[in-house]
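Me: I am new to this structure and would like a close look at a single part of it. Please take me through one helix and what surrounds it, explaining the terms as you go.

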Amino acid sequence: MKFEDVYSRRTADKLTQEQAAEILGVSVRTVRRWEDRFEADGAEGLYDRRLGKLANNRVPTDTVMEMLTLFDSKYWDYTPKHFHEKLVEHHGFTQSYNWLRLTLQSHGRIPARPPTWSSSPQAAPPPDGWHDAASGRVQS
């Protein structure tokens, strides 16, 4: 059921806020907030205000480009872990290792790890008469 339908029933005193919250699947406080926004701005007030906004903790583009340039020119033969250590030690880098690894992967500098639990080809079954090193027996 749409919010407007529930709101019209609420203004006609056919529903309580608790009943409206149960129908919409949200808390009573959320219904109160939505009603206030709907009364102030109409249907436009119900849109998510976060959509289209950049995250506050986003890494600046200059920092990303500097990191990629350093990796391409000076540290191209380092593993991501060692590269991160050098950045922290010598370049004042403050981002996490995981962010660095994911950024290098997304920009094609290092390969992404294949998942180990799915979509990997199964190993071929051993041939007849293979030797089990753990038990010392020959399987048949």
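Reply: What follows is a walk along helix 3, its buried side and its salt bridge, with the other salt bridges added for context.

This is a predicted model, in which local features need pLDDT of at least 70 and side-chain atom pairs count only at pLDDT 80 or more, while totals for chains, interfaces and linings use all residues. Residues are numbered from 1 along each chain as its sequence is written, and side-chain values use heavy atoms, with hydrogens and water left out.

Helices and strands here are DSSP runs numbered from the N terminus (H or I of at least four residues for a helix, E of at least two for a strand). Helix 3 covers residues 28–41, which makes 14 residues, and from its first C-alpha to its last it reaches 20 Å, close to the 20 Å expected at 1.5 Å a residue; that expected span is 1.5 Å times one less than the number of residues. Just after helix 3 comes Gly42, with a positive phi of about 75°.

Four names make up the buried set of helix 3, namely Thr30, Val31, Glu35 and Phe38, where buried means under 20% relative accessible area, exposed means over 50%, and partly exposed lies in between (1.4 Å probe, protein chains only). Seen down the axis of helix 3, these buried residues fall within an arc of 135°, so they line one face of the helix; the arc is taken from the directions that run from the helix axis to the C-beta atoms. An α-helix has 3.6 residues a turn, so residues three or four places apart point the same way. The buried residues of helix 3 pack against helix 1 (3–11) and helix 2 (17–24), with contact meaning heavy atoms within 4.5 Å.

Glu35 also forms a salt bridge with Arg10, their closest N and O atoms being 2.7 Å apart; the term requires a side-chain nitrogen of Lys or Arg within 4 Å of a carboxyl oxygen of Asp or Glu. Because Arg10 lies in helix 1 and Glu35 in helix 3, the pair ties together parts that are 25 residues apart in sequence. Glu35 counts as buried at 8% relative accessibility, and Arg10 counts as buried at 19%.

By this rule the count comes to three salt bridges. One of them joins the side chains of Asp48 and Arg50 at 2.8 Å, N to O; Asp48 is partly exposed at 36%, whereas Arg50 is exposed at 63%. Another joins Asp72 and Arg109, also at 2.8 Å.
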